[in-house]
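Please open the structure in your viewer and keep the selection tool at hand. This tour proposes what to select at each stop and describes what is found there.

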Amino acid sequence: MFRNGFLSDMGFCSLSYPDGKAMVQEVFNHLGWASVANFRTQHPYQPGFFWCHGYTAKSITEWRQSAKFTGLQFVSSLPNIICLHNKKLLQTLIRQYEQSVLNSVGSLDAPNYLRFPGDIRAYNSDAYLPRTLFDLTHEELHHIAESCFKQDSVWIAKPLSQNCGKGICLVRSREQLLELSDRLPNLIVQEYIRNPVTLDGRKSDLRVYLLLVCPERGHLMAFYHPGFVRLSLRQYAETTDDLAVHLTNQSVAKATEEWTRRRDESTWTPAQMNNNLNARRDSTGFERDFLFRRVHPSMRAVLGIVSRAAYPKVTRIGGCFEFLGCDFMLDTSGRVWLIEINCYPGMATSTSLLRTLKPQVVHEAICLSMECISKQYQGKAMYPLESLRQFQLLWNSDDEPSSS
């Protein structure tokens, strides 16, 4: 626990967002901070922490004015973060950033951070973003639907406003796609990854964390946490329409009959996945420690691009930070796919692993954010970061003077 500077002072916290509230409260119990409903009656020079989500720049400014104190304020909400957690906006954001790089340097091969580690392929977004359809007119969709299913493709459809696996379905024909689009106008359709790496015969993906911190206006820092592995509880078969086979969401797994007795099998540590892949090197063709040598560096690189792309879009208000859950899938060719980014990563601790991991992640994310913000406020050197444990620094806009 970082306890220098402002974090060693007594302060106040207001926890308005229910998810993860108990974990956050533990952090401030350790610090000795008081929990209050609002800050208006507190000492005006003491630091204050506000646990919230989805706040706009205007609402954060109004809250700070209503609090009527001048102490250092930490807010767990970065305005306009919707540009990352909305699939449509995320794809648009990355492709616009990619075009800006092309316009600036003439090639995606130029900047080192746009390369897959150890690979000659450029970080072209087609290499890590599944093909996705949205904002198509009825006529455009009819035209493109023909080509979508020429090679026996499978697509996965989801209402744009839903989460936790709600409303998702597999689309296996042109007719089914057109029927869905007629019924659900705000539909987003993504090409299904047909060759996923399975673990013990079950579909899996990787939930990693991205922490964005704004120490002062215009300044953005990005950190990466290796997270954990999510697995379906049912054997993988592409031909079935059983969503419990295709989705690793715990909200889906909880509805299965397997959940009560096998829930701990739905989450693995990265080390467990790495050991599993090592044991199957002859069949997978992956090198030893492929997860740590190739997969995690690739995910870090992709999120480095995401952070840079988000820089001009998010409202960078000093003292704010955002904690995001990012879902990646590994296919049998070794390619890593960014499936989605969640600005409300679930805080449920329904397995033995998550009961240990998530409080640690939340604890470090809060302390790391507060350390960056308080050091900037005090004019102290940012590095070394004393609260840095499992998170890794991806990018700091202040280290790139050309950022705008």
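Begin with the whole protein displayed: of its 404 residues, 54% count as buried, where buried means under 20% relative accessible area, exposed means over 50%, and partly exposed lies in between (1.4 Å probe, protein chains only). This is a predicted model, in which local features need pLDDT of at least 70 and side-chain atom pairs count only at pLDDT 80 or more, while totals for chains, interfaces and linings use all residues. Residues are numbered from 1 along each chain as its sequence is written, and side-chain values use heavy atoms, with hydrogens and water left out.

**The whole chain**

Switch to a cartoon view to find 13 helices and 15 strands. Helices (H or I, at least four residues) and strands (E, at least two) are DSSP runs, numbered from the N terminus. Next, show the surface: the accessible surface comes to about 17,600 Å², and 49% of it belongs to carbon and sulfur atoms. Such areas come from the Shrake-Rupley method with a 1.4 Å probe; for residues, only the protein chains shown count as cover. Among contacts between residues at least 6 apart in sequence, 70% join residues at least 24 apart, a contact being heavy atoms within 4.5 Å.

**First stop: strand S3**

Select residues 48-51, which form strand S3. Are the faces of this strand covered or not? Both are covered: Gly 48 and Phe 50 on one side, and Phe 49 and Trp 51 on the other, are all buried. In a regular strand the side chains alternate between the two faces of the sheet.

Now add residues 12-15, strand S1, which pairs with S3 in the parallel sense over four bridges; two strands pair if DSSP finds at least two bridges between them. Leu 15 stands opposite Trp 51 in S3. Then add residues 73-75, strand S4, which pairs with S3 in the parallel sense over three bridges. Here Phe 50 has Val 75 of S4 as its bridge partner.

**Second stop: the aromatic rings**

Rings of Phe, Tyr and Trp (its six-membered ring) pair if their centres lie within 6.5 Å; planes under 30 degrees apart count as stacked, over 60 as edge-to-face and the rest as tilted. The count of aromatic pairs by this rule is eight. Select Phe 28 and Phe 49: their ring centres are 4.6 Å apart and their planes stand at 45 degrees, so the pair is tilted. This pair links distant parts of the chain, with Phe 28 in helix H1 (residues 21-31) and Phe 49 in strand S3, 21 residues apart. Phe 28 counts as buried because its relative accessibility is 0%.

Keep Phe 49 and add Phe 321: the ring centres lie 6.0 Å apart with planes at 40 degrees, so this pair is tilted. Phe 49 in S3 and Phe 321 in strand S13 (residues 320-330) are 272 residues apart, and both are buried. Finally, add Trp 33 and Phe 74, since ring pairs link Phe 28, Trp 33, Phe 49, Phe 74 and Phe 321 into a cluster.

**Third stop: strand S10**

Select residues 202-214, strand S10. How many of its 13 residues are buried? The count is 13 of the 13, so S10 is largely enclosed by the rest of the structure. Arg 202, Leu 206 and Cys 214 are among the residues that point one way, while Lys 203, Tyr 209 and Val 213 are among those that point the other way.

Add strand S9 (residues 198-199), which pairs with S10 in the antiparallel sense over two bridges; Thr 198 has Lys 203 as its bridge partner. S9 and S10 form a hairpin with two residues between them, and Asp 200 in the turn has a positive phi of about 55 degrees.

On adding strand S11 (residues 221-235), one finds ten bridges to S10 in the antiparallel sense, with Val 213 partnered by Met 221. This hairpin has six residues between the strands, and Gly 218 takes a positive phi near 85 degrees. S13 also runs antiparallel to S10, joined by nine bridges, and Leu 206 stands opposite Phe 328 in S13.

**Last stop: the cysteines**

The structure holds zero disulfides, a disulfide being a pair of cysteine sulfur atoms within 2.5 Å. Select Cys 320, which is in no disulfide; its nearest cysteine sulfur, that of Cys 214, is 6.6 Å away. Cys 320 counts as buried because its relative accessibility is 0%.
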